[in-house]
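User: I'm new to reading protein structures, and I'd like a close look at the empty spaces in this one. Could you walk me through the pockets and any cavity, and tell me what lines them?

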Amino acid sequence: MIDLRSDTVTKPTEEMREAMYNAEVGDDVYGEDVTVNSLEEYAADILGKEAALLVTSGTQGNQIAVLTHCRPAQEVILEAESHIFFYESGAVSALAGVQTRIIAGNRGAMNPAAVREAIRGVDIHYPETGLICIENTHNRAGGAVVPLANMRDIYMEASAEDVPVHIDGARLFNAASAAGVDVREYAQYANTVQVCLSKGLGAPIGSILAGSKEFIHAARKWRKRLGGGMRQAGVIAAPGLIALTKMRDRLAEDHHHARELAQGIQNIEGLKIVNHVDTNIIVADVSSLGITSAEFVDVLKGEGILAGGFGPSYVRFVTHFDVKAAQISEAVGKIGIAAAKIKGKITG
Ligand code: TLP
């Protein structure tokens with residue numbers, strides 16, 4: 001099977017497994033796990049923030065950010081197809097008691113003027129704007145890189161109104177790699193940032209939430225409230241450190257593979273690439289085949305390719321560390337066979 005469902009499916013490398021085995025550990029709830037402490041210090045440094053916190057997942061990092069920034073009944077401004085709005089099971093409402101205000105973006109980027117307009121003024125009828133979230137890269141926009149200038153302009157609007165900004169940077173290192181921008185450059189335009197260790201970087205578990213010392217102190221308490229205070233978490237932090245020190249530089253390879261895969265898919269009759277492939281995500285429209293995305297995903301599985309449905313007629317393919325160059329051409333061939341089989345079936 002060639003698994004292109006997500007970059008979350010990568011397995012830890014031998015080096016990561018060894019590091020897990022040998023990790024020096026302690027009780028992290030007491031702040032005594034030296035491996036966790038090193039990971040948090042290193043992550044804060046590369047993100048240009050004062051402090052960082054190891055959390056269980058990207059979702060937990062985003063949720064802790066919202067919980068720490070906001071009070072119940074406030075409003076959070078989000079891009080209309082952002083992960084926090086689209087894929088986190090309504091958690092911001094369930095946990096933080098906030099309401100969402102969504103703005104449709106252009107390739108994942110919200111218009112700064114629209115964000116400014118959405119920030120609430122003082123009025124007895126209005127909720128207060130508690131937070132603005134930016135997602136980079138933007139998953140549902142097909143791994144689009146949100147431009148640095150767009151982030152700067154939103155941050156300036158937000159700062160003028162004293163509203164904090166959070167980056168859902170599950171794939172911020174992909175953005176940094178594709179745009180040739182240091183990740184700190186992005187992080188400077190937000191009060192807090194969440195980055196995933198377990199996507200393109202290949203660690204088995206974990207995300208980092210970074211911000212000011214004061215913010216991370218409060219976030220640590222929210223993590224505990226959510227049951228995310230882990231004990232000998234050094235076994236998770238050790239591969240996380242390898243992810244941050246050794247796996248960032250190779251993301252360009254995934255992007256190269258994604259462009260190759262997209263080119264191959266583009267030549268298959270009945271399939272159409274609908275995103276500009278900035279990073280490691282490819283979105284293909286399968287509607288010309290006269291079937292749904294779920295049906296196509298099933299046929300692909302029969303050919304040894306795993307992909308994900310992305311709405312009724314779109315299918316998502318994600319390249320990652322565990323898909324090597326030879327498998328890209330193999331995947332193109334198999335996707336072609338799947339499409340040809342369907343076309344054969346339809347024309348009789
Ligand atoms: N995205 C997953 C699925 O949840 C859709 C994927 O396969 O792409 N922010 C962004 C932008 C994400 O893409 C994801 C995961 C998360 C947050 C949540 O991370 P986890 O899965 O660690 O909770």
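Analyst: Let's go through the open pockets, then the enclosed cavity, and end with a helix pair. Keep in mind that this is a predicted model.

Why start with a probe? Rolling a probe the size of a water molecule over the atoms shows where empty space is left.

Start with the largest pocket, which holds about 260 Å³ of space. Its lining is made up of 22 residues, and H83, N139, A170, R171 and K199 are the ones nearest the centre. Which elements give two or more residues to that lining? They are α3, covering residues 58-69, and β7, covering 192-196. Helix α3 supplies the largest share, three residues. If you sort the lining by class, you get 12 polar residues, six charged ones and four nonpolar ones.

Now move on to the second largest pocket, with a volume of about 180 Å³. Here 13 residues form the lining, and R140, A141, N275, F310 and Y314 sit nearest the centre. Its lining splits into five nonpolar, four polar and four charged residues.

Next, the enclosed kind of space. How many cavities of 30 Å³ or more turn up in a search of the whole structure? Just one, and its volume is about 30 Å³. The residues around this cavity are A170, R171, F173, N174, C196, K199, G200, L201 and L251. You've met some of those names already: A170, R171 and K199 line the cavity, and they also lie nearest the centre of the largest pocket. By class, the cavity lining has five nonpolar, two polar and two charged residues.

For some context, the UniProt record (an unreviewed entry) places a feature called "domain: Aromatic amino acid beta-eliminating lyase/threonine aldolase" at residues 3-286. Over that stretch the chain is 42% helix and 16% strand, with the end C-alpha atoms 19 Å apart.

Finally, here's a spot where two helices pack. Helix α1 (residues 14-22) meets helix α11 (residues 234-246) at an angle of about 140 degrees, and their axes are 7 Å apart. The crossing is right-handed. On the α1 side, the contact uses E15, M16, A19 and M20, while α11 brings V235, A238, P239, I242, A243 and K246. Sorted by class, the contact residues are eight nonpolar and two charged, with no polar ones. Set that beside the lining of the largest pocket, with its 12 polar residues.

Methods. Residues are numbered from 1 along each chain as its sequence is written. This is a predicted model: local features need pLDDT of at least 70, side-chain atom pairs count only at pLDDT 80 or more; totals for chains, interfaces and linings use all residues. Side-chain values use heavy atoms; hydrogens and water are left out. On a 1 Å grid over the protein atoms alone, a cavity is a set of points where a 1.4 Å probe fits but cannot get out, and a pocket is an open set with protein on both sides within 12 Å along at least five of seven lines; lining residues have an atom within 4 Å of a point. Grid points are joined across faces, edges and corners, and a volume is the space filled by probe spheres set on the points. Ala, Val, Leu, Ile, Met, Phe, Trp, Tyr, Cys and Pro count as nonpolar, Asp, Glu, Lys and Arg as charged, and the others, Gly among them, as polar. Axes are lines fitted to C-alpha atoms, for helices over the stretch in contact, and angles run from 0 to 180 degrees between N-to-C directions. Helices (H or I, at least four residues) and strands (E, at least two) are DSSP runs, numbered from the N terminus. A crossing is left-handed if the near helix is turned anticlockwise from the far one by less than a right angle, and right-handed if clockwise. Contact means heavy atoms within 4.5 Å. UniProt positions are given in the numbering used here, feature names are shortened, and annotations may be inferred rather than shown by experiment.
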